[in-house]
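Visitor: Hi! I'd like to talk through the ring contacts and backbone oddities in this one. Could you pull it up?

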Amino acid sequence: MQAFRIDRVPIVHYEELDDGWLKVVASFSRVGPLVYLDEHGQPIEEYLTAEELYDEESLATAAQSPVILGHPEEGMLTPQIWKHYAIGSSAPQVIPRPKDQLVDAIYLVNDAEGIRQVKTGEAVEVSMGYRTIPILNADGRIYQTKRRYNHHGIVKRGRAGPRVKLRSDALQRFDIKSFAIEKTGLPTEKTDMPKIKGVEVPQLVFDEYTAVKNECDQLKTDSVQLKTDSASLTTVTAERDMYKAKVDEQKKELDSRLDVSEVAKVAAARLDAFTKARPYLKDVKFDASVEAIEWKRQAIAAARPSIKLDGQNGDYINAAFDVLEAVGISNPGQQTKTMLDSAAAGGDRSGSALEHNDSDWDAQLRADEEAINKSYEQVEAAK
């Protein structure tokens, strides 16, 4: 929270120019403790560090500032009341003196009454009016921060101590009986005071209220903007997730597709398997959608119905088909061959149509199954 402060320091030097104006040099502030009175009249000590005193932004506000007699009753000098108080202005630059822990300023006093009071010693000190933010530090001290100067006043006694003063070649101690400085030219009628919700308040209070209100309004605006940005972010995130899902789906579909060479290989394998299986099948036509392993399975089932293929994997079926190709239709005994031919042609696979030598047939089946198992084992061992 900003606070308004006034520091006062002695005048020790001035120079009268050819046109009658005064050029005044003043040390207007110093490093160290400063004592103020609170609203109950109790003294409060605030400390000004060298870092804060010589802060560039702070000192810039002391340059080209109004010089007035005394201080406005309103506290802060404003454009509305400036002409009733101003007697001159400070130079474009201030003069830091770190070795002495002081800061100097040069004033040009143009007002006749102001010139008279400085020359006669009625006004012998400079008093700075400024805003600051007091902060209670861990060491128990109150430190001034973010000083922002409002005006330079020429008055009687300063709070910063005797080291902070206007320097004069022939300074003498004058008996000053009053702090009051007559404000000539001020209107005698009551001026309108600013209002807050219909209630008149001092200008200083109104300025503080306006500053806080503006900050609150800005916070509200920022809050609304934050909500808008959050909603936009949610929408964008949802759209991003949607497009990412589509891309992932398309990528999955592309990955699942075979390239041209793979398609050609699959088609060739299916046609080759069909060509080899066709002698064992009856009235069958090529169907490109049937996989090669299925053609082989159908051929084995037709030629060797007793061999159990349910639950067997592709390696087993390939091994069985290789054995079937090796032994072909030739089996012990003409009757067995005839029956196999009939079975391969789609005839009776039960064996009831023809008499045959059961022992030879069973022996051949066992031999075929042993050969299939041996071939399958070799395939598995080669993996």
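Guide: Happy to; we can start with the aromatic pairs and then turn to the backbone, keeping in mind that this is a predicted model.

Visitor: How many aromatic pairs does a search of the whole structure find?

Guide: The search turns up 6 aromatic pairs. One of them joins Phe28 and Tyr149, whose ring centres are 5.5 Å apart with 85° between the planes.

Visitor: What kind of geometry do Phe28 and Tyr149 form?

Guide: That pair is edge-to-face. The angle of 85° is over the 60 degrees used as the cut-off, so the label follows.

Visitor: And where do Phe28 and Tyr149 lie?

Guide: Phe28 is in strand S3 (residues 22-30) and Tyr149 is in strand S11 (residues 142-155), so their contact ties together parts that are 121 residues apart in sequence.

Visitor: Is Phe28 buried or exposed?

Guide: Phe28 counts as buried, at 1% relative accessibility. Tyr149 is buried as well, with a relative accessible area of 7%.

Visitor: Which residues form an aromatic cluster?

Guide: Phe28, Tyr130 and Tyr149 form one aromatic cluster. Tyr130 also has a charged neighbour: Arg147 lies over its face, at 4.0 Å from the ring centre.

Visitor: Nice. What lies over the face of Tyr47?

Guide: That is Arg141, at 4.2 Å from the ring centre of Tyr47.

Visitor: Back to the pairs. Why is the pair of Phe274 and Trp295 edge-to-face?

Guide: Their planes are at 65°, so the pair gets that label, and the ring centres are 4.8 Å apart. Phe274 belongs to helix H6 (residues 260-277) and Trp295 to helix H7 (residues 292-303), so this pair links distant parts of the chain, 21 residues apart. Both Phe274 and Trp295 are buried.

Visitor: Okay, new topic: backbone. What is the phi of Gln64 near?

Guide: Phi of Gln64 is near 50°, which is positive in a residue other than glycine. Most residues other than glycine have a negative phi.

Visitor: Where does Gln64 lie?

Guide: Gln64 sits in the loop between helix H2 (56-60) and strand S6 (66-69). Gln64 counts as exposed, at 59% relative accessibility.

Visitor: What about Asp283, what is its phi?

Guide: Asp283 has a positive phi of about 45°, although it is not a glycine. Asp283 is found in the loop between H6 and H7.

Visitor: And is Asp283 buried or exposed?

Guide: Asp283 is exposed, with a relative accessible area of 73%.

Notes:
Residues are numbered from 1 along each chain as its sequence is written. This is a predicted model: local features need pLDDT of at least 70, side-chain atom pairs count only at pLDDT 80 or more; totals for chains, interfaces and linings use all residues. Side-chain values use heavy atoms; hydrogens and water are left out. Rings of Phe, Tyr and Trp (its six-membered ring) pair if their centres lie within 6.5 Å; planes under 30 degrees apart count as stacked, over 60 as edge-to-face and the rest as tilted. Helices (H or I, at least four residues) and strands (E, at least two) are DSSP runs, numbered from the N terminus. Buried means under 20% relative accessible area, exposed over 50%, partly exposed in between (1.4 Å probe, protein chains only). A charge sits over a ring if NZ of Lys or CZ of Arg is within 6 Å of the ring centre and within 35 degrees of the ring normal.
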